[in-house]
Amino acid sequence: MDNQSNERSFILSGFNETMNFTVPLFSVTLLYYCVILFFNISLVLLIVLDESLHEPMYILLSSFCINALYGTTGFYPKFLSDLLSSSHRISYEGCLLQGFIMYSFACCDLSILTVMAFDRYMAICRPLHYHSFMTKRRLSQLVCFSWLTPFCVFAINVLFTARLKLCGINIQRALCLTRLILKLACPEADTFPNNISAYVIIAICYFHYVFIIWTYIYLIKTCVRSREDRVMFMQTCVAHLTSVIINVTVMAFDVMYLRFGSRDLSQSLKNFITLEFLIIPPVMNPLMYGFKLSKIRNRILSLIYLKGK
């Protein structure tokens, strides 16, 4: 390679091991993406069209599902088209955009989970103040916070990445992430702002996790004293807690792979570790909330019953 790449596109080398089973992988991925679309769109429409579900908890859940649609749409259509293409290239601008979507999607997930935890804390630990505090205006502010904070943080991160001089065009994955672009930076490139940005993002994520832990400490303390609160906790918090555990597990795998990942791993396994946040949560979350939240479950069952008549 020349000292500085003049290419305005990248090669996604993560597709090298998919050549022998392109058609089966395309079929399974397309089916899985359709399942993601069906589950999340159905849940959003159910909440929007049913006035009895126009409550903070369900509005936040619809925001959660919209974020899943946002993140998966930033990956699956491009991935599916690349599977059918002999050239696995992505434009420089497209790569930065996909990197922004992937990271903002993951961080939005965490932000929305944090707002959901606060909502459950107010509903169970401060029930007398819940309705006066959780007004439509306050809910709108919290939803905007959960979306705008990741968008602003990662927009700055992408801008820092866009200014770098690159000495390579091969991205060793099936998608673009800004940290993968960073690995292609020339030795003389100034990556200090990117490192500072990364530390800020890590600090924000830790703050979110600490806040969620804090809310659950108070939730558990409150539920121990009251049977009614325990029932409410089991009905509304178990699905949220499961989503948090999935989020933590997926992020922990990604971080451990970045820190201790072995080069001996197959390309397919590397791709799965990178993509698991786009595979597991978008399907598991709507399924869990659909089955666990009684209002949503009963509404779905009533719709099925009416169609069966």
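# Close-up views of aromatic rings, hollows and salt bridges

**View A. Phenylalanine 151 is partly exposed, with 25% of relative accessible area.** Everything shown in these views comes from a predicted model. Next to this residue in the picture is tryptophan 147, and the two belong to helix α6, which covers residues 136-162. Four residues separate them, about one turn of the helix. Is tryptophan 147 buried or exposed? Its relative accessible area is 17%, so tryptophan 147 is buried, the limit being under 20%. We will come back to how the two rings face one another in the next view.

**View B. Aromatic pairs number 22 in a search of the whole structure.** One of them joins tyrosine 121 and tryptophan 214, with ring centres 5.2 Å apart and planes at 45 degrees, a tilted arrangement. Where in the chain do tyrosine 121 and tryptophan 214 lie? Tyrosine 121 is in helix α4 (residues 92-125) and tryptophan 214 in helix α8 (residues 192-225), so this pair links distant parts of the chain, 93 residues apart. Tyrosine 121 has a relative accessibility of 7% and counts as buried, whereas tryptophan 214, at 35%, is partly exposed. Back in helix α6, tryptophan 147 and phenylalanine 151 make an edge-to-face pair: the centres are 5.9 Å apart and the planes meet at 70 degrees. As a reading aid, a pair of rings is described by the distance of the centres and the angle of the planes.

**View C. Tyr121 and Trp214 also belong to an aromatic cluster.** Which residues form this cluster together with them? The other members are Phe118, Phe133, Phe207, Phe211 and Tyr218. Some of these rings have a charged neighbour. Over the ring of phenylalanine 133 sits the charged end of arginine 138, at 4.2 Å from the ring centre. Tyrosine 218 has lysine 221 over its face, 5.4 Å from the centre of the ring.

**View D. The largest cavity holds about 60 Å³ of space.** Across the whole structure, a search finds three cavities of 30 Å³ or more. What surrounds the largest cavity? Its lining is made up of Met57, Leu61, Met116, Arg120, Thr236, His240, Tyr289 and Leu293. Helices α2 (56-73) and α4 each give at least two residues to this lining. Sorted by class, the lining has five nonpolar residues, two polar and one charged.

**View E. An open hollow, the second largest pocket, has a volume of about 530 Å³.** Its lining consists of 19 residues. Which of them lie nearest the centre of this pocket? They are Ser42, Leu43, Leu46, Ile300 and Leu303. At least two lining residues come from each of the helices α1 (22-49), α12 (281-292) and α13 (294-308). Nonpolar residues account for 13 of the lining, with two polar and four charged ones alongside.

**View F. A salt bridge brings together aspartate 50 and arginine 299, at 2.9 Å from N to O.** Why does this pair tie together parts far apart in sequence? Aspartate 50 lies in the loop between α1 and α2, while arginine 299 is in helix α13, so the bridge connects parts that are 249 residues apart. Aspartate 50 is buried, having a relative accessible area of 14%. Arginine 299, by contrast, counts as partly exposed at 31%. Salt bridges number four in a search of the whole structure.

**View G. Within helix α3 (residues 76-83), aspartate 82 and lysine 78 are four residues apart.** That spacing is about one turn of the helix, and their side chains meet in a salt bridge of 3.1 Å, N to O. How accessible is each partner: buried or partly exposed? Aspartate 82 is buried at 3% relative accessible area, while lysine 78, at 24%, counts as partly exposed.

**View H. Arginine 120, met earlier in the lining of the largest cavity, also takes part in a salt bridge.** Its partner is aspartate 119, and the side chains meet at 2.9 Å, N to O. Both residues of this bridge are buried.

Methods:
Residues are numbered from 1 along each chain as its sequence is written. This is a predicted model: local features need pLDDT of at least 70, side-chain atom pairs count only at pLDDT 80 or more; totals for chains, interfaces and linings use all residues. Side-chain values use heavy atoms; hydrogens and water are left out. Rings of Phe, Tyr and Trp (its six-membered ring) pair if their centres lie within 6.5 Å; planes under 30 degrees apart count as stacked, over 60 as edge-to-face and the rest as tilted. Buried means under 20% relative accessible area, exposed over 50%, partly exposed in between (1.4 Å probe, protein chains only). A charge sits over a ring if NZ of Lys or CZ of Arg is within 6 Å of the ring centre and within 35 degrees of the ring normal. On a 1 Å grid over the protein atoms alone, a cavity is a set of points where a 1.4 Å probe fits but cannot get out, and a pocket is an open set with protein on both sides within 12 Å along at least five of seven lines; lining residues have an atom within 4 Å of a point. Grid points are joined across faces, edges and corners, and a volume is the space filled by probe spheres set on the points. Ala, Val, Leu, Ile, Met, Phe, Trp, Tyr, Cys and Pro count as nonpolar, Asp, Glu, Lys and Arg as charged, and the others, Gly among them, as polar.
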